[in-house]
Amino acid sequence: MKRSIKKVAVLGSGVMGSRIACHFAGVGVQVLLLDMVPKEATESTNAAARNKLVNDALQSAIKSNPSPVYTKDVAKRISTGNFTDNMKEIAQCDWIIEVVVERLDIKQLIFTEVEKYRKPGTLISSNTSGIPIHMMLEGRSDDFKKHFCGTHFFNPPRYLRLLEIIPTPHTDPEIVDFLMHYGDLTLGKTTVLCKDTPAFIANRIGVFGMMAIFGLVEKMGLTIDEIDALTGPIIGRPKSATFRTADVVGIDTLVKVAKGVAENCPNDEQRALFEIPSWLQKVVENNWLGDKTGQGFFKKIKGAGGEKEIQVLNLKTLEYEARKKPKFATVEAAKPIDDLKQRLKALCTGMDKAGDFYRHFHYGLFSYIAHRIPEIADELFRVDDAMMAGFGWEIGAFESWDVLGVPGTTDKMKKAGYAVPAWIDEMLASGVTSFYKVEQGKRYCYDVASKSYKALPGGDAFIVMKHFEHQTVWKNSACRTYHLGDDVLGLEWSTKMGSIGGEVLEGIQQSIALAESKYKGLVIANDTLNFSAGANVGMIFMLAIEQEYDELDMAIRLFQNTMMRARYSSVPVVVAPHALTLGGACELSLHSDKVCAAAETYIGLVELGVGLIPGGGGTKEFVLRAADEMHEDEPETITLKNRFLTIATAKVATSAQEAYGLGILRKGQDEIIMNQSRRVAAAKRSVMELFEAGYTMPAQRKDVKVLGRSALGALLSGIHAMNTGGYATDHDALVAKKLAYVMCGGDLSEPTLVSEQYLLDLEREAFLSLTGERKTLERLQSVLKSGRPVRN
């Protein structure tokens, strides 16, 4: 179906509408954002007054944190107006999205107006989160019905990847196919086909999970702090866990969805669970709705010393009290287990209160999702996709059941009083013991209707590295190198926060050597939460604190040599980063032949944050790029200064798009992949294209222009001003001076052409000298203790 989306109309500029508009603008689409004329301006002829509501909403969205836009200039693609004066402009749009208040009568009024101006064939959809989609079609034309669908974005639309597509019986199947594909490829979403049932998929399962936990709170006598400790990252869920998530979303919103399910799903076997407990009803009556009212399950207060303090609600007394850090033996034993699947197994076999909670929690969840097939979806993988993309789960519910073992867990569920539907028993009786399986790099899911496995949609567009374990060609304790097919290798590593140490450097070197021996090239990527937080800070700290400077020098040389190996090999090396890509991971990206970055890639050289300079070739590469970017019509120092400031302020791009502006990604060479799940396939395709275009190894540069004293003086003057003005500490100034020295090529009397190796040697010497500084060691130690990545 040949359909192009050049302009979108978003009707409603509230929290969701304004942010949906920003996301469309972010992917390059022109947007018309409309809302009501304010009551006080209904008689006015002043456009600014009549558009005040929509304009204020858009500005508020753009200024919000986290930002709904990839770069601030995308707002230029959004034009605003009001329903009265500008509805006629929807005739120029290819897709009209309704995002007004959740009232059927108001939505129908909007659609009546839309019918007057919408050109036939234009897509029309609603972002409703709960109103049945088919109920909106009363009185609508056949063409409207044919092109109408539910498109439920999750908030915030830029960051939550779920887009639920909910057709009606009237929706043209080609429209459904287009929206599924467009949402995936262009909007970067995990598009999930849903049935038109109350709360659709993600909210139905997500709210059930929260209500089930509320039930366990009463049954097991657990506190809010205990529940949030048990249901956060330890089980692969967001840090906000359960009660903090409710505060963020709005407790009234949660209650509304739960009541909606209870009222509209009379045949739901767990309908009673959606009844609002008395303590939760009291919280709503008190207007303790979460962040929107300043207090919910948590409340911020000022402590005795004036510092901010967070209190937690005691659900028995409904009074706020100091937080207590809970400890469970099962959780403490599982924390050191990095692999989530192995950690889940350990948690669910615990013999304390935590272990009991995990068993009841998972048994209830498994029973519920199994009973929802085929009510809310025909394919069970859609449930997992929805929960991972919409609620930030690292692992889906059916996949979790696989991890714990379907036959054994099902037996335990039955003994504990949790029922399973007949199709589960039939599946197990037929000899099928898992919902998912991987064969020849492709993932298959059990299909209930046909009672057989079917390949997941998407095929080769969604490559998951670990699915090629059967084609492992090399490995060590940290890395795996796979044959991804078509003579392309793929390297991934599994270290804490993706840190790059000796074994990872060995993996990169070995993988490039293997690729050069008989393959077309190499893809470097992974499927963890973050690509990499950079070099192994612990190793640097230990060598520095023990003053093992020879070993530290060798380690830095190895890092530099590995980066240069990535740049200067006889086969193309393509890196596909996502999320955090800091320090050494950024340096690896800088030295690759091409970067296929996820749109949500947060990349930068952050070493200044711990009192060091980029020592793996990052400083050298910025000097090289600055030299290549210098223009005759502007002072040479301007380009270098901009590059210097990017490193000196440890600036991190808040999106891949922003990384172009920082000079980390290269326009015309590197590529942004909107859907993170498509990165590896795009990188593999790039390797093949580079190879087939006759890729040859580039020659190391010996013509890098450095400016010497002419630029060094200006940079040192700026550093001195920052230091004396109190904007930089003495240590910050010291590090900045070392950086300036390297970036100017040293204390040269005049601009000179130097080699890359010359700059690498300067970079390494400066890095080594800074590891002996007390303040640097203190900062390194602080990062290690916090367990968080180095940031600016």
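**Exercise 1. How are H18 and H19 oriented: oblique to each other or roughly perpendicular?**

Solution. Keep in mind that you're working with a predicted model.

Step 1: Find the two helices. H18 covers residues 406–415, and H19 covers residues 422–429.

Step 2: Look at the geometry. The axes lie 11 Å apart, and the packing angle is about 140°.

Step 3: Pick the right word. Angles of 65 to 115 degrees count as roughly perpendicular and those over 145 as roughly antiparallel. H18 and H19 are therefore oblique to each other.

Step 4: Add the hand of the crossing. H18 goes past H19 in a left-handed way.

Step 5: List who touches whom. H18 brings Val406, Pro407, Thr410 and Lys414, while H19 brings Ile424, Asp425, Met427 and Leu428. Sorted by class, that contact holds five nonpolar, one polar and two charged residues.

**Exercise 2. Work out how H15 sits against H18.**

Solution.

Step 1: H15 spans residues 353–371, and its axis comes within 10 Å of the axis of H18.

Step 2: Check the angle. The two axes cross at roughly 100°. That makes H15 roughly perpendicular to H18.

Step 3: Name the partners. Tyr363, Phe366 and Ser367 of H15 meet Thr409, Lys412 and Met413 of H18.

Step 4: Sort them. You get three nonpolar residues, two polar ones and one charged residue in this contact.

**Exercise 3. Now do it again for H17 and H18.**

Solution.

Step 1: H17 runs over residues 397–404, and here the axes come within 6 Å.

Step 2: The crossing angle is roughly 95°, so H17 and H18 are roughly perpendicular to each other.

Step 3: On the H17 side, look for Trp401, Asp402 and Leu404; on the H18 side, look for Val406, Thr409, Thr410 and Met413.

Step 4: By class, the contact of H17 with H18 splits into four nonpolar, two polar and one charged.

**Exercise 4. Describe the second largest pocket.**

Solution.

Step 1: Start with its volume, which is about 620 Å³.

Step 2: Move on to the lining, made up of 37 residues. Nearest the centre of the pocket are Gly534, Ala535, Asn536, Val537 and Gly538.

Step 3: Ask which elements take part. Those giving two or more residues to the lining are H20 (502–518), H21 (537–545), H22 (549–567), H23 (584–590) and H31 (774–786). Which helix gives the most to the lining of the second largest pocket? That's H22, with five residues.

Step 4: Sort the lining of the second largest pocket by class: 23 nonpolar, ten polar and four charged.

**Exercise 5. Track down some unusual backbone spots.**

Solution.

Step 1: Recall the usual picture. Most peptide bonds are trans, and most residues other than glycine have a negative phi.

Step 2: Go to the bond from Asn155 to Pro156, which is cis with omega near 0°. Pro156 sits in the loop between strands E6 (148–153) and E7 (162–167).

Step 3: Try the bond from Ile373 to Pro374. This bond is cis too, with omega near 10°. Where is Pro374 found? Look in the loop between H15 and helix H16 (381–391).

Step 4: Finish with phi. Leu318 isn't a glycine, yet its phi is positive, near 55°. You'll find Leu318 in the loop between strand E10 (308–314) and strand E11 (319–322).

Methods: Residues are numbered from 1 along each chain as its sequence is written. This is a predicted model: local features need pLDDT of at least 70, side-chain atom pairs count only at pLDDT 80 or more; totals for chains, interfaces and linings use all residues. Side-chain values use heavy atoms; hydrogens and water are left out. Axes are lines fitted to C-alpha atoms, for helices over the stretch in contact, and angles run from 0 to 180 degrees between N-to-C directions. Helices (H or I, at least four residues) and strands (E, at least two) are DSSP runs, numbered from the N terminus. Angles under 35 degrees count as roughly parallel, over 145 as roughly antiparallel, 65 to 115 as roughly perpendicular and the rest as oblique. A crossing is left-handed if the near helix is turned anticlockwise from the far one by less than a right angle, and right-handed if clockwise. Contact means heavy atoms within 4.5 Å. Ala, Val, Leu, Ile, Met, Phe, Trp, Tyr, Cys and Pro count as nonpolar, Asp, Glu, Lys and Arg as charged, and the others, Gly among them, as polar. On a 1 Å grid over the protein atoms alone, a cavity is a set of points where a 1.4 Å probe fits but cannot get out, and a pocket is an open set with protein on both sides within 12 Å along at least five of seven lines; lining residues have an atom within 4 Å of a point. Grid points are joined across faces, edges and corners, and a volume is the space filled by probe spheres set on the points.
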